[in-house]
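Let's take a walk through this structure together. Have the sequence and the 3D view open as you read.

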Amino acid sequence: MRSGFLWFLPVSILMVSLVFAAESDLSKRRVPEKKIKEIQKLENPFKASSENIAKGKTLYQTKATCFTCHGKEGRGDGLAAPGLDPSPRNFTNAGFHAMRSDGELFYVIKNGIPGTAMMPMVGSVITEEEAWLVLLYERSLGQRK
Ligand code: HEC
């Protein structure tokens, strides 16, 4: 009986966090208003070739550590995801990609999102070039049916 009860606690805490944590409002921009014009102009210096997308995928799933939160296939279901509020973004959602320019996504990877688990990754974990390659992979996920 006692061991049954001990199981109940962590499981119920996990269930509560799964129910309450959700992705944050997509319509809210992640780039400060005064920077948005300049950020919108940024373009990915790499072509979305299958070779570059594969490089980005390898980075995403290893060194860049994105998979730990965003999930191996980008569904927002990484190992660390259940404890996070807001939840990591799901990159397989085409609607998300439609609402963000490359520059906005790059800005987030570089500067993080204050108040969330999304940390600044460029400089500490990956270079700017690697961030652009990871972005190509992220974009390719939004095109999957
Ligand atoms: C420690 C967990 C964690 C890691 C590691 C992480 N992220 Fe995130 N990421 C988040 C969370 C949480 C959000 C949602 C923040 C929000 O909704 O404001 C997010 C949001 C994002 C967004 C969407 C921002 C938007 O405009 O809505 C992008 C793009 C992104 N992450 C890219 C990456 C990339 C690329 C990597 C790897 C280089 C990475 N993240 C690593 C937790 C993480």
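**Around the ligand**

Start at the ligand: 27 residues surround it, and those that come nearest are Ser 24, Ala 64, Cys 66, Cys 69 and Met 118. Here, a residue is near a molecule if its C-beta atom, placed from the backbone, lies within 6 Å of it. The elements giving two or more residues to this shell are α4 (67-70), α6 (102-111) and α7 (128-142). Of these, α6 provides the largest share, four residues.

What kinds of residues make up the shell around the ligand? They split into 16 nonpolar, five polar and six charged. Nonpolar covers Ala, Val, Leu, Ile, Met, Phe, Trp, Tyr, Cys and Pro; charged covers Asp, Glu, Lys and Arg; the others, Gly among them, count as polar.

Before going further, keep in mind that this is a predicted model: local features need pLDDT of at least 70, side-chain atom pairs count only at pLDDT 80 or more, and totals for chains, interfaces and linings use all residues. Residue numbers start from 1 along each chain as its sequence is written.

Now zoom out. The protein chain has seven helices and zero strands, with helices (H or I, at least four residues) and strands (E, at least two) taken as DSSP runs numbered from the N terminus.

Finally, look at Gly 95, which sits in helix α5 (residues 94-98). Is Gly 95 buried or exposed? Gly 95 counts as exposed because it has 9 C-beta neighbours inside 10 Å; the cut-off for exposed is 12 or fewer other C-beta atoms within 10 Å, while buried takes 20 or more and partly exposed falls in between, with C-beta atoms placed from the backbone. Gly 95 and Leu 26 are 69 residues apart in sequence, yet their C-alpha atoms are 8.9 Å apart in space.
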